[in-house]
Amino acid sequence: PPNPPRTASACSSKVTSPQSLRTGAAEQGRGRKRKQGRRPGRARRTDWPPAGRVWRDSRPQAAAMVLVLCMGDLHIPYRAADLPEKFKALLVPGKIQHALVTGDLCSRDVYDYLKGVCGDLHVAKGEFDDPACGYPENKVISVGSLRLGVIHGHQIVPWGDADALASVQRQLGCDILVSGHSHQFRTRVCDGRLLVDPGSATGAPSSLRTGGAMVNPSFVLMDVEGERATVYVYELVDGEVKVEKTLYDKAAAAAAE
């Protein structure tokens, strides 16, 4: 019998698109060129890229994540002997880019230790720090798209008052204000800006809040990325380190106010 007509079922299921046809033609053309070799008299360029030309990647880059250590109210050696060993195990040198300390270190050895953990160390003068140390009353640094400030907090009247802290925050022009003196960890958002108290890193007692009793040691690590900060609080409770986190987004916090 005669051959049957080529129907859709008898043909190959492969569909050739115009794009694949153009690609195939280009591949054949390149094959012919490889067989023919280079044109006579045409030398290979050895000066590519041209001298003095700068190539830039125009693709959008993701914001880099930066770790910021926040701690204070250590009072070593007068109210506490040392940082807890479990905290020291977490504070690995070279892993933290910035450190903001609310003061009351009370020892040059503590300063040197923290400087070894993070080279970019900023300490605000505490109520019991020696004036000879030369710590400033406050300090503001830029991290990502955020401005971070640090003070001790004994200057605030009433102590720990959110409105008074927010007033200082506006004066310093910072998005996140780190303050201490209360020896108790706390975070608050006021007028679209974040207030952070890292507590006492040694658990040193404070007559201000605790009636002279020891408190749970705590410190804060902030992971800053662009206009966002993830605040991790490390608290030593019954010999174990507990971790909690708070999220801060500058644009979202401003819109919510």
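## A guided tour from strand β10 outward

Select T230 to begin: this residue stands opposite L247 in β11. The model on display is a predicted one.

**The antiparallel strands**

Extend the selection to residues 228-237, which make up strand β10, and to residues 218-225, which make up strand β9. These two strands run antiparallel and are joined by eight bridges. One place to inspect the pairing is V224, which stands opposite A229 in β10. Next, move to the hairpin that β9 and β10 form, where two residues lie between the strands. Select G226 there; its phi is positive, near 65°.

Now add strand β11, residues 240-249. Ten bridges link β10 with β11, and the sense of the pairing is antiparallel. Besides the opening pair, Y234 may be selected together with V243, its bridge partner in β11. β10 and β11 also form a hairpin with two residues between them. In its turn, select D238, which has a positive phi of about 55°.

**Helix α5**

Continue along the chain to residues 250-256, which form helix α5, and pick out A252 within it. Is A252 buried, partly exposed or exposed? Its relative accessible area is 45%, so A252 counts as partly exposed, the class that lies between under 20% for buried and over 50% for exposed. Then draw a distance from the C-alpha of A252 to that of E227: the two are 9.7 Å apart in space, although 25 residues separate them in sequence.

**The open sheet**

Turn next to a sheet of five strands, and select them in the order β4-β5-β6-β8-β7. The sheet is open and its pairing is mixed. Why do β4 and β7 each have one side without a neighbour in the sheet? β4 (138-143) and β7 (185-190) stand at the edges, and each has a single partner strand, so one side of each is left free of a neighbour in the sheet. Viewed from one strand to the next, the twist averages 20°.

Within this sheet, select β5 (residues 146-151) and β6 (residues 176-178), which pair in the parallel sense over three bridges. L148 shows the pairing: its bridge partner in β6 is I176.

**Helix α4 on the sheet**

Keep the sheet visible and add helix α4, residues 162-172. This helix packs on the sheet and touches β4, β5, β6, β7 and β8 (193-198). The direction of α4 makes about 115° with that of β8.

Begin at the start of α4 with D161, a side-chain oxygen of which reaches to within 3.2 Å of the backbone nitrogen of D163. Which residues of α4 are buried? They are A164, L165, A166, V168, Q169 and L172. An α-helix has 3.6 residues a turn, so residues three or four places apart point the same way. With the buried residues of α4 highlighted, show what covers them, which includes β4, β5, β6, β7 and β8. After the helix comes G173, whose phi is positive, near 70°.

**The whole protein**

Finally, show everything at once. The protein has five helices and eleven strands. Of its 257 residues, 39% count as buried. Among the contacts with a separation of 6 or more, 56% are between residues 24 or more positions apart. A surface display gives the last view: the accessible surface comes to about 15600 Å², and 52% of it belongs to carbon and sulfur atoms.

How values were computed. Residues numbered from 1 in each chain as written. Predicted model: local features only at pLDDT ≥ 70, side-chain atom pairs only at ≥ 80, totals over all residues. Heavy atoms only, no water. Pairing = 2+ DSSP bridges. Helix = DSSP H or I, 4+ residues; strand = E, 2+ residues; numbered from the N terminus. Axes fitted to C-alpha atoms, helices over the stretch in contact; angles between N-to-C directions. Contact = heavy atoms within 4.5 Å. Buried < 20%, exposed > 50% of the residue type's maximum accessible area, 1.4 Å probe, protein only. Areas by Shrake-Rupley, 256 points an atom, 1.4 Å probe, with all protein chains shown as cover. Polar contact = N/O pair within 3.5 Å; in protein donor to acceptor, adjacent residues only side chain to side chain.
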